[in-house]
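Please read the following report alongside the sequence and the coordinates. It moves from two backbone outliers to strand pairing and then to helix packing.

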Amino acid sequence: MNKTLRKFNVYMGNRKVLLPLSLVMSALNGIVSLLPYLFVWLIVRTLLETGGIARDTPVNTYSWAAVAAAITSLLVYFVSLMLSHLAAFRVETNLRRSAMRKILALPLGFFDSNTSGRMRKIIDEDASSTHTFLAHILPDLAASIVSPLTVIVLIFIFNWPLGVACLVPLVSAAVLMGYMMDPKHNDFRKLYMDAQERMSAEAVEYVRGIPVVKVFQQTVFSFKRFFDSIITYKDLVTKYTLAWQRPMSLYTALIHGFAYFLVPVAILLAGRAGSHAPIIADMFLYVLITPVIATNIMKIMYLNQNLYLADEAITRIEKLTDADLLPVAANPGTLSDYGIDFEDVVFAYPGTRQNAVDHVSFSVPRGKMYALVGPSGGGKTTLARLVPRFWDVTGGSVRIGGVDVRHIAQEELMRNISFVFQHTKLFKTTLSENIRYGNPLASDQDVQRAIDLSRSREIIDRLPQGLHTKIGAGGTYLSGGEQQRIVLARALLKDAPIVILDEATAFADPENEHLIQQALRELMKGKTVLMIAHRLTSTQQADSILVIEDGKIAEQGTHEELLSRNGTYNRMWKEYQKSVEWTV
Ligand SMILES: Nc1ncnc2c1ncn2[C@@H]1O[C@H](COP(=O)(O)OP(=O)(O)OP(=O)(O)O)[C@@H](O)[C@H]1O
Ligand SMILES: [Mg+2]
């Protein structure tokens, strides 16, 4: 409890008083809320003693006092909730903010291995699950402790034999609850949250994969993982519910059956005393007031559960962002030259043993265009991604203009590199904004120029709202090749001195391909280029070609040199020729 609260306190910022204040108000309410019962008791007692007929009784006053106490209690509760909500929203916002801030500082490669469904659940749902705890459960806890304690004191002051009679079932129930709340059940809660997270992630994956699944008629197979996650969840919950069946029934019976213990004692007491009225009035009070204890035990029980959920939630948020952040350059250097050097670079993905890049050295002189080719899985994408620091190298170094990329400030690095991904994404916004992503400060003229250079003019002319057409809205979708050209317009607008291209594996049609090739040529003009070429159309213009196999450079040279060498490139070229003949 303390540990969790301390964690929350960090996110409370400079409003740390809100929560304690709310707890105090709530505890106060725990006492005030009992006052109406006492006034009702006074009324009943007065009525019983006077036979309900005497005129000058203070019953009226008591009634108004009861109402006033009830209203005061409501007001105090309201203030307490106001304070706790202010605290809770603050924590929730700060948690999200800190999670987002850390996510932005994570290596780009991190997003390869974390599904967006999982991240969404953690940032969104876990952050809000702290809300219930801070805004409602915690203040209620203060009242839940103060109220029953007050009641226990009261029932002993008023009539201790009746008090003992009430407490027997309640204490038994509390012992039972203690047994059920054993910390060993926390295992279950962890399993429960994990099962939920898995179900959420599988659902997102499943929905995202539907088109592919349909095409390959693999519905049953792909549904299986999602289905399995649901079944795991169901089994877990069923097992848990069944385990609680008996103790819970017994608990409920004890809690609600206290009156059965009360009646015989009351009869005994009434038999001994001369007048029945005070005993009946007391019993009336006890019947009213004893459930307060039970209800509050229930609340405390839920607190335990919620405390655990909240703690898990905050731990998960912190763990998500616990992934190694890229070390920030201590004395960042500025770039004056844009040649790229790989020196004895080694890289293995976290958690894998094999090197995806294995002792690779080469240099792309400033303004030259180098092409990476080779079999799938050879390590081309990995190699290229090391330049903008998707990941940091495991050994060796990658340098730009002689400066190790680890010593270049992140913004400087990003500003100087245009990276065109294998799978490009347009945002669900206007074309104009999509292009301006490359350089938000660009003038309209620059945007128009980028559109022309990227051969995107005809796409924009065709759309009813031109540049202001929203992608994805109202059924406006672009073909793969068209999207590529818009992305190239974005890169052209950015006009970074270094261009890294991971060529798309398949273009739409020859017409599109031709346009894209033209756009690429514009983009690469005068730039230092590292291009991953999946088809060999582009390699002939390359200043040098690197054949990457098993994370190593298998061959290097110009198109002609490599052709004469009779190695992998020669073979790839022959196959490429064949495929071109086929398509023609
Ligand atoms: N995020 C990742 N985590 C772990 N291993 C990875 C990851 N991405 C790629 N790999 C592995 O690293 C190796 C190199 O992959 P890479 O994507 O660089 O190949 P590639 O040459 O770009 O292939 P392709 O031509 O199909 O695009 C492969 O063995 C691949 O399985
Ligand atoms: Mg690749």
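## Backbone outliers, strands and helix contacts

Arg455 sits in the loop between helix 14 (444-453) and helix 15 (457-462), where helices (H or I, at least four residues) and strands (E, at least two) are DSSP runs numbered from the N terminus. The model is a predicted one, in which local features need pLDDT of at least 70 and side-chain atom pairs count only at pLDDT 80 or more, while totals for chains, interfaces and linings use all residues. Residues are numbered from 1 along each chain as its sequence is written, and chains are lettered from A and ligands numbered from 1 in the order in which they are written.

Most residues other than glycine have a negative phi. Arg455, although not a glycine, has a positive phi of about 60°, and His359, also not a glycine, has a positive phi of about 50°. Burial is judged from C-beta atoms placed from the backbone: a residue is buried if 20 or more other C-beta atoms lie within 10 Å of its own, exposed if 12 or fewer, and partly exposed in between. Arg455 is buried, because 20 other C-beta atoms lie within 10 Å. His359, which lies in strand 2, counts as partly exposed because it has 15 C-beta neighbours inside 10 Å. Val17, in the loop between helix 1 (2-10) and helix 2 (18-32), counts as exposed, because it has 11 C-beta neighbours inside 10 Å. Val17 and Leu83 are 66 residues apart in sequence, and their C-alpha atoms are 9.3 Å apart in space.

Strand 2 also takes part in an open sheet of four strands, which has the order 2-1-4-5 and antiparallel pairing; two strands pair if DSSP finds at least two bridges between them. The edges of this sheet are strand 2 (357-364) and strand 5 (403-404), each of which pairs on one side only. Strand 1 (residues 340-347) and strand 4 (residues 395-400) are joined by five bridges in the antiparallel sense, and Ile340 has Ile400 in strand 4 as its bridge partner.

Parallel pairing is found among strands 3, 7, 8 and 9, as the table sets out.

| Strand pair | Sense and bridges | A bridge partner pair |
|---|---|---|
| Strand 3 (residues 369-373) and strand 8 (residues 528-532) | parallel, four bridges | Tyr370 and Leu530 |
| Strand 3 and strand 9 (residues 544-549) | parallel, four bridges | Tyr370 and Ser544 |
| Strand 7 (residues 498-502) and strand 8 | parallel, five bridges | Ile500 and Leu530 |

Tyr370 thus stands opposite Leu530 in strand 8 and has Ser544 as its bridge partner in strand 9. Strand 3 is mostly covered, with four of its five residues buried. Strand 8 is largely enclosed by the rest of the structure, because five of its five residues are buried. Both of its faces are covered, with Thr528, Leu530 and Ile532 buried on one side and Val529 and Met531 buried on the other.

Two packed helices are described by the angle between their axes and the distance between the axes. Here the axes are lines fitted to C-alpha atoms, for helices over the stretch in contact, and angles run from 0 to 180 degrees between N-to-C directions. Helix 3 (residues 35-50) and helix 10 (residues 277-320) pack at an angle of about 155°, with their axes 9 Å apart. The two helices are therefore roughly antiparallel, given that angles under 35 degrees count as roughly parallel, over 145 as roughly antiparallel, 65 to 115 as roughly perpendicular and the rest as oblique. The contact, for which C-beta atoms placed from the backbone must lie within 7 Å, involves residues including Tyr37, Trp41 and Leu48 of helix 3 and Phe284, Leu285 and Leu288 of helix 10. By class, this contact of helix 3 with helix 10 has 13 nonpolar, no polar and two charged residues, where Ala, Val, Leu, Ile, Met, Phe, Trp, Tyr, Cys and Pro count as nonpolar, Asp, Glu, Lys and Arg as charged, and the others, Gly among them, as polar.

For helix 6 (residues 160-180) and helix 9 (residues 258-272), the axes come within 8 Å and cross at roughly 160°. Helix 6 is therefore roughly antiparallel to helix 9. Among the residues that meet are Pro161, Leu162 and Ala165 in helix 6 and Phe258, Phe261 and Leu262 in helix 9. The residues of this contact divide into 13 nonpolar, no polar and no charged.

Notes:
Two residues are in contact if their C-beta atoms, placed from the backbone, lie within 7 Å.
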